[in-house]
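Dear colleague,

Here is the structure I said I would pass on. My notes on it follow below.

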Amino acid sequence: MAKRMLVRADDLGWTEAINYGIEKTVKEGIIGSVGLMPNMPAARHGMELLAGENVCVGQHTNICVGRPVTDPEKIPSLCQDNGLFKPSRAYRTAREDFVVLDEAVLEIEAQYQRFVELTGRQPGYFEGHAVASRNFFKGLEIVADRHGLLYLPMAMDGPVRFCSTWLYASMDSMKPDYDPEESLKTAALKDYGPDGCCMFVCHPGYLDDEILRESSLTVPRAREVAMAANPDVKRWLEENGVRLVTYDDL
């Protein structure tokens, strides 16, 4: 039985530069699943670039970058005084979870409705961007249950169940001396068992001023574009019996 590997790109919609990088990896490479940030101004542009492509688009729910879909005054626990989301570093340095559950649900629901408006369909999977907050995760579960969505919990500490498959996450992009191709090949060759699948999470994209100012992940994004669009990488996966799948396949 061939090994299965799901290669996912997060952050579609953050900026147009990110969108162009993801577009290349979908059209020329191995990316089959893409997470859309519905609140971001470039979200529509990203979907336009992928129009007609055979790609599974999920909701990469975001509460730490840009402006919310909801009126900021209605979700003060999530926002700064200027109306923008509190940044990810606010969550990393907080001693306790400051997210108010009802406010999280309000924004998650609003992003879901924006996702449907942008794509014309439900997300192929439903998860969250960057923030480790118990109330954020609970809010995602509530909205997923409300609409019958396939919620994908954060999976960095062990496998998570998605439909009938155990997904084993691999994401090394924040590690020093990260080599995207080496990381992908190492992850692809592991034994995940007959009910398991490697979920390789990456963040391909080109860099612009906003990403350089706002994101802690910069150069690896461009390197992941090169890796994921490299025909030699796709050929290596085929030669080693690794079958690329998407969340839709699972």
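Helices (H or I, at least four residues) and strands (E, at least two) are taken as DSSP runs and numbered from the N terminus. This is a predicted model, in which local features need pLDDT of at least 70 and side-chain atom pairs count only at pLDDT 80 or more, while totals for chains, interfaces and linings use all residues. Residues are numbered from 1 along each chain as its sequence is written, and side-chain values use heavy atoms, with hydrogens and water left out.

Overall form

The chain has nine helices and eight strands. Its radius of gyration, taken over C-alpha atoms, is 17 Å, which agrees with the value near 18 Å for a compact globule of 250 residues. The globule rule is 2.2 Å times the number of residues to the power 0.38. The C-alpha atoms fill a box of roughly 55 × 40 × 40 Å along the principal axes.

Of the 250 residues, 53% count as buried. Buried means under 20% relative accessible area, exposed over 50%, and partly exposed in between (1.4 Å probe, protein chains only). Contact means heavy atoms within 4.5 Å. Among contacts between residues at least 6 apart in sequence, 70% join residues at least 24 apart.

The side chains include 27 positive and 38 negative ones, and the centres of the two sets lie 2 Å apart. Lys and Arg count as positive and Asp and Glu as negative, with His and the chain ends not counted. Each charge is placed at NZ of Lys, CZ of Arg, CG of Asp or CD of Glu.

Strand 6 and the cysteines

Ser170 lies in strand 6, residues 165-170. At 11% relative accessibility, Ser170 counts as buried. Leaving out residues up to four places away in sequence, Ser170 touches Ser183, Ala187, Cys198, Met199, Phe200 and Val201.

One of those partners, Cys198, is buried as well, at 1% relative accessibility. Why is Cys198 not bonded to Cys197? The sulfur of Cys197 is the closest cysteine sulfur to that of Cys198, but at 6.7 Å it is too far for a bond. A disulfide is a pair of cysteine sulfur atoms within 2.5 Å, and the structure holds zero disulfides. Cys79 is accordingly in no disulfide, and the nearest cysteine sulfur, that of Cys64, is 12 Å away. Cys79 is buried, with a relative accessible area of 8%.

Ser164 sits in the loop between strand 5 (160-162) and strand 6. At 48% relative accessibility, Ser164 is partly exposed. Ser164 and Ile75 are 89 residues apart along the chain, and their C-alpha atoms are separated by 36 Å.

Strand 3 and its contacts

Thr61 is in strand 3, residues 56-61, and is buried with a relative accessible area of 0%. Its C-alpha atom is 5.7 Å from that of His129, although the two residues are 68 apart along the chain. Thr61 touches His129 and also Ile108, Gln111, Phe126, Glu127, Gly128, Phe136 and Leu140, again not counting residues up to four places away in sequence.

Positive phi angles

Asp11 has a phi near 85°, a positive value in a residue other than glycine. Asp11 is in strand 1, residues 3-12, and is buried, with a relative accessible area of 0%. Ala130, also not a glycine, has a positive phi near 70°. Ala130 is in the loop between strand 4 (126-128) and helix 5 (134-147).

Regards
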